[in-house]
Amino acid sequence: MSTDFRKSTVYQIYPKSFCDTNKDGLGDLRGVIKKLDYMKELGVDYIWLTPFFVSPQNDNGYDVEDYYNIDPRYGTMEDVEELIAEGKKRGIGLMFDMVFNHVSTRHEWFRKAMEGDPYYKDFFFFRKGKDDGAPPTNWESKFGGNAWEYVEKFDEYYLHLFDVTQADLNWDNENVRREIQKIVRFWMDKGVRGFRFDVVNLISKGVFEDDQTGDGRKYYTDGPNIHKYLKELHDMTFGTDAEILTVGEMSSTSIENCYQYAGADTGELSMVFSFHHLKVDFMGNEKWVLVPADFAKLKKIIFEWQTKMAEHNAWNAVFWCNHDQPRVVSRFGDEGRYWKESAKMLGTVIHCLRGTPYVYQGEEIGMTNTDFAEISQFKDVESLNHYEILQNKGLSASDALRIVQIHSRDNGRTPMQWDDSAYAGFTSADSKKPWIGVNGNYPRVNAASQLADPDSIFRYYQKLIALRKEVDVIAFGDIEPLAESHPSVFAYRRTYEGHELIVAANFYGRECSWKSAPDLSGFKKLIGNYSEGSVPYNGKWTLKPYETQVWYK
Ligand code: GLC
Ligand code: CA
């Protein structure tokens, strides 16, 4: 295991969809233990698990009822302890997902608030409505509808930026911050080696005013005390242990704030997730539309974050996939003829960047978007809400379904495809049906067949992960964008202590040529996704469909 996070790779697990060992159709912690050797073989340093704490599961565990106990559907505290110990034996650190912007309305704090206990009411945002009884502000919930829920007995509303069962915590209350510090320390004492903080840049609310131009996000995103609260959390908890890796999920953030969040010496977090590069197939902030991905914009955003974060000595988490995103091979690659080539190409572009790469379960075997044909197959609260909202806006049921199929978070949540047995080996043939449908392509797309094939996507990811450890320019180098205005090439140069790395990738399914490409004399090829080595340089490079090549000097 590398304890230098610049050389590390993180593997993300969505436990509910990873591996089921007790045949109830839900993945569990023993399933994660069972697959540790698989992740060891891939070569990752950390595993980030999405939440498995006690929860009513309205948002699959991002609605936490009790941060100190394990939801029995996932396992027990003994399982967690064993998982941490078994990970450690293999040099893999466990990272837990801390949801502190909100709690489940079933959390004790909220229940006491609802009983009228003023101490706990101040853990949340209870506010009077407007004179006409309308909600305090016009802010929209990220999952659709107004962000305030009316409570008759107080004649007040409480704030929920997400589901109505996810009540926002009032971080301006010092008692809330102290409770949160206690939770983080509890898990540090158990041996957890890292934390991912859920939508953590939303914790500091500003003024409660109507948003005349938007959905309200400008009032609570990167809010007034955000840096103060993160520094305090750092100082009171993980800041005492320099080896703990922390990553903040930053919703609609600004890069200027990220210099602070993830600066090498700002005393906040190790790194940040930002999402602007994954909105290139949105219309502005509107996700529930069908527009083709804008490649020029994708490059521009990634290069901006790469170069400016470097200038400010701040660190990115780099990624395409997580449990909230469609599968990247379906999104920016090709599920069909160039499935393998495009999956490898996309992996290369991320893994050679300046930042810590994250691999989301199934990405390393080229898993694709769901093949769900009916709305009833979708489970995600956000998708189901927006399916209704789209129809209320006048779209037909089939047009609304098409949009959901493309953008749904469930695309990343179907069961991990382990082999070609029943239910893709996620659970056994005599189990209850998996909680969400298995993608029908599992006989072809699965881990067992990838492990057996030396030329597979899995084997390629394994090499990418190993290269970051072996070749310092990947971990430590500066970055310079290349081919910035080329319509199909994504290319960049990394440099470090006299060494140089050139990465080039064709993002499309047609051969292309890159004129005025760099001269490669003295370079050797480190990795690429076509075996027949096309000699690239003769004044220009020619790249086959979805071809990528990485050269080193
Ligand atoms: C984050 C999580 C997402 C969750 C939301 C609310 O964006 O990644 O899955 O629904 O926060 O907690
Ligand atoms: Ca289970």
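Where is the place of Ser252? Ser252 sits in the loop between β12 (245-249) and α8 (255-261). Helices here are DSSP runs of H or I with at least four residues, strands are runs of E with at least two, and both are numbered from the N terminus.

Before going on, the ground rules. This is a predicted model, in which local features need pLDDT of at least 70 and side-chain atom pairs count only at pLDDT 80 or more, while totals for chains, interfaces and linings use all residues. Residues are numbered from 1 along each chain as its sequence is written, chains are lettered from A and ligands numbered from 1 in the order in which they are written, and side-chain values use heavy atoms, with hydrogens and water left out.

Back to Ser252. Its phi is near 45°, a positive value in a residue other than glycine. As background, most residues other than glycine have a negative phi. Ser516 also has a positive phi, about 50°, and is not a glycine. Ser516 belongs to the loop between β19 (512-515) and β20 (524-528). With 67% relative accessibility, Ser516 counts as exposed. On that scale, buried means under 20% relative accessible area, exposed means over 50%, and partly exposed is in between, using a 1.4 Å probe and protein chains only.

Next, the metal. Which residues are the protein donors of the calcium ion (ligand 2)? They are Asp20 (OD), Asn22 (OD1), Asp24 (OD), Leu26 (O) and Asp28 (OD), lying 2.3 Å from the ion. A donor is an N, O or S atom within 2.8 Å of the metal, or 3.2 Å for Na, K and Ca; water is not among the atoms, so sites may look incomplete. Along the sequence, the donor residues follow the spacing D-x1-N-x1-D-x1-L-x1-D. Two of these donors are buried: Leu26 has a relative accessible area of 16%, and Asp28 is at 3%.

Now the helix pairs. Axes are lines fitted to C-alpha atoms, for helices over the stretch in contact, and the angles run from 0 to 180 degrees between N-to-C directions.

Helix α11 (residues 339-351) packs on helix α15 (residues 457-470) at about 15°, and their axes are 10 Å apart. The two are therefore roughly parallel. Angles under 35 degrees get that label, over 145 is roughly antiparallel, 65 to 115 is roughly perpendicular, and the rest are oblique. The crossing is right-handed: the near helix is turned clockwise from the far one by less than a right angle, and anticlockwise would be left-handed. On the α11 side the contact includes Trp339, Lys340 and His351, and on the α15 side Tyr460, Tyr461 and Arg468. Contact means heavy atoms within 4.5 Å. The residues of this contact divide into 7 nonpolar, 3 polar and 3 charged. Ala, Val, Leu, Ile, Met, Phe, Trp, Tyr, Cys and Pro count as nonpolar, Asp, Glu, Lys and Arg as charged, and the others, Gly among them, as polar.

For helix α6 (residues 174-189) and helix α7 (residues 226-236), the axes come within 10 Å and cross at roughly 40°. That makes α6 oblique to α7. This crossing is right-handed. Arg177, Ile180, Gln181, Val184 and Arg185 of α6 meet Tyr229, Glu232, Leu233 and Met236 of α7. By class, that contact has 5 nonpolar, 1 polar and 3 charged residues.

Helix α12 (residues 381-392) and helix α13 (residues 397-407) pack at about 145°, with axes 9 Å apart. Their crossing is right-handed. Ser383, Tyr387, Leu390 and Gln391 of α12 make the contact with Ala397, Ala400, Leu401, Ile403 and Val404 of α13. How many charged residues does the contact of α12 with α13 have? None; the rest divide into 7 nonpolar and 2 polar. Within α13, the buried residues are Ala400, Leu401, Ile403, Val404, Gln405 and His407, and their cover includes α12.

Ile403 leads to Val291: the two are 112 residues apart in sequence and 9.8 Å apart in space, C-alpha to C-alpha. Val291 lies in the loop between β13 (271-273) and α9 (295-311), and is partly exposed at 26% relative accessible area. Leaving aside neighbours within four places in sequence, Val291 contacts Asp281, Phe282 and Met283.

Last, Phe154, in the loop between β8 (148-151) and β9 (156-159). Is Phe154 buried or exposed? At 16% relative accessibility, Phe154 counts as buried. Not counting residues up to four places away in sequence, Phe154 touches Ala113, Met114, Gly116, Lys121, Phe126 and Lys128.
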